[in-house]
Amino acid sequence: MAQPNKSLAVGMMTVCQLMALALWFSATAVLPQLRAEFDLGAVQSSLFTSAVLLGFVLGTLVSAFFGLADRVEPRRFWAVSALVAATANLLILTVPIDGVVVIVLRLITGVCMAGIYPIGMKMVATWSRGDTGFLIGLLVGALTMGSALPHLFVVAVPLDWRLVIIAASVSAYIAGIAILFVKLGGTPGRSPRFDPRMVRQIWSNKAFRHACYGYFGHMWELYAMWGWIGLFLYGALSVRTYENPGIWAALLTFAIVGVGAFGSLAGGWLADRIGRTTVTMAAMAMSGLCALVAGALGDAPLVVLIVICIVWGISVIADSAQFSSCVIELADPHQVGTALTMQNAIGFIIALGSIHLVPVIADAFGWWGAFAMLAIGPLLGFIAMGRLRAMPEATQLAGGRR
């Protein structure tokens, strides 16, 4: 009887996570329409994505510092975060799109994501029975599919970008209510507290530093690729004189980002069996190669462009969960909370830089230059994980599988 209960509960949590995380890229998905209607510049366009990332960093730091995940019942914490984020997203429709307030609303949405994504992992972990890696991979897959979902909304409600914003908010409202009826598999364990005094001691761990370097390279590429691939495809389809290029670009972006959910699950499954550095290095080599060539294929046969972008969508996220796993396995057990918070905060701040650089480089050198710039991240990450692989501490990873 326990297994059906577990399957139902984990399934509901995953669906709720997917529905709420649609808010993350709801405004980004309609950027082609917004840029056309409001003549948005590169900086304002970038802020639609980067403000959410910055909000997530701030929310995560505040939550970790005050131990909110331990003080507030997780389902209520998750529900309130989803409802507030949905409301902030909906309020975008009431303010000037090219103004400051809309960016503040995106920042609030990002702060609330810190009460959704990490807390979702905490709730799923209550059902862990020796399958934590798979369950975390499932939640990362939900993040990936949730990030892709707004692009599907663009296809489903193509008449007005405002309907996409409404659809994402309604999706999060439903998830916020539904999560209250989810059953937990036990009492959530206390989250390790963030302690700024530990930062220097943690950073002195050489193996941990190299796992972080790998993650930083991954983050340089990931959110910039997710945030701009749709606009790139829109341009590629427009020069081919396709009818309704916005609809086709949104559908392709949904497929390219969404297929990463399967990459996340496969990456987690393989890492437990053949090694974390093996999987992360292979994924970064593949995604870096795709980043180098994708931008140059705007005029190539469409099937070639789509295949390369699909491979990029799979490989760019396949290694994501493994960097957190490396930190958990390499850091002192009493310092895991601070180590993870530090790794994520720096990683998301790095992502802010690449997100803002892409449109600037694209305007100056074209999409090839912009995406090739992203390849720097996986290249440096590959080198860092290779050095980690050569360290004696690498035997602590995945039960001795480097």
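These legends go with a set of close-up views of one predicted model.

**View 1. Where the prediction is surest, and where it isn't.** Across this predicted protein the mean pLDDT comes out at 85, with 94% of residues at 70 or more. Helix α5 (residues 74-90) has the highest confidence, with a mean of 95. At the other end sits helix α4 (residues 68-71), where confidence is lowest, at a mean of 76. A word of caution for any view like this: where pLDDT is low, the predicted coordinates shouldn't be read in detail.

**View 2. A salt bridge between α2 and α9.** Here Glu37 and Arg162 bring their side chains together in a salt bridge, at 3.2 Å from N to O. This pair ties up distant parts of the chain: Glu37 belongs to helix α2 (residues 31-38) and Arg162 to helix α9 (residues 161-178), 125 residues apart. Glu37 has a relative accessibility of 44%, so it counts as partly exposed. Arg162 is partly exposed too, with a relative accessible area of 32%.

**View 3. Arg162 again, now with Asp160.** Asp160 also forms a salt bridge with Arg162, and their closest N and O atoms are 3.0 Å apart. Through shared partners, Glu37, Asp160 and Arg162 end up in one salt-bridge network. Like its partner, Asp160 is partly exposed, with a relative accessible area of 28%. In general, side chains of opposite charge can pair when their charged atoms come close.

**View 4. The Arg75 and Glu73 pair.** A search of the whole structure turns up 3 salt bridges, and this view shows the one between Arg75 and Glu73, with N and O 2.9 Å apart. Arg75 has 23% relative accessibility, and buried means under 20%, so Arg75 counts as partly exposed. Glu73 lands in that class as well, with a relative accessible area of 24%.

**View 5. A nonpolar patch on the surface.** Val80, Val84, Val100, Val104 and Ile108 make up this patch, and together they have about 400 Å² of accessible area. Two elements, α5 and α6 (101-113), each give two or more residues to the patch. Val80, for one, is found in helix α5.

**View 6. An aromatic cluster.** Six side chains come together here: Trp24, Phe25, Phe56, Tyr223, Trp226 and Phe348 form one aromatic cluster. The count of aromatic pairs in the structure comes to 17.

**View 7. Helix α12 from end to end.** Helix α12 (residues 245-258) runs for 14 residues and spans 19 Å from its first C-alpha to its last, close to the 20 Å expected at 1.5 Å a residue. Plenty of its residues are tucked away: Pro245, Ala249, Ala250, Leu252, Thr253, Phe254, Ile256, Val257 and Gly258 are buried.

**View 8. Ala255, a partly exposed residue of α12.** Ala255 lies in helix α12, where its neighbours in sequence Phe254 and Ile256 are among the buried residues. Ala255 itself has 30% relative accessibility, so it counts as partly exposed. Widen the view to take in Ala384 and you'll find the two C-alpha atoms separated by 30 Å, with Ala255 and Ala384 129 residues apart along the chain.

Note on methods:
Residues are numbered from 1 along each chain as its sequence is written. This is a predicted model: local features need pLDDT of at least 70, side-chain atom pairs count only at pLDDT 80 or more; totals for chains, interfaces and linings use all residues. Side-chain values use heavy atoms; hydrogens and water are left out. pLDDT is the predictor's confidence in each residue, from 0 to 100. Helices (H or I, at least four residues) and strands (E, at least two) are DSSP runs, numbered from the N terminus. The expected span of a helix is 1.5 Å times one less than its number of residues. Buried means under 20% relative accessible area, exposed over 50%, partly exposed in between (1.4 Å probe, protein chains only). Patches are made of residues with over 30% relative accessible area and no salt bridge: like charges are joined within 9 Å, nonpolar side chains (Val, Leu, Ile, Met, Phe, Trp, Tyr) within 5 Å. Accessible areas come from the Shrake-Rupley method with a 1.4 Å probe; for residues, only the protein chains shown count as cover. A salt bridge is a side-chain nitrogen of Lys or Arg within 4 Å of a carboxyl oxygen of Asp or Glu. Rings of Phe, Tyr and Trp (its six-membered ring) pair if their centres lie within 6.5 Å; planes under 30 degrees apart count as stacked, over 60 as edge-to-face and the rest as tilted.
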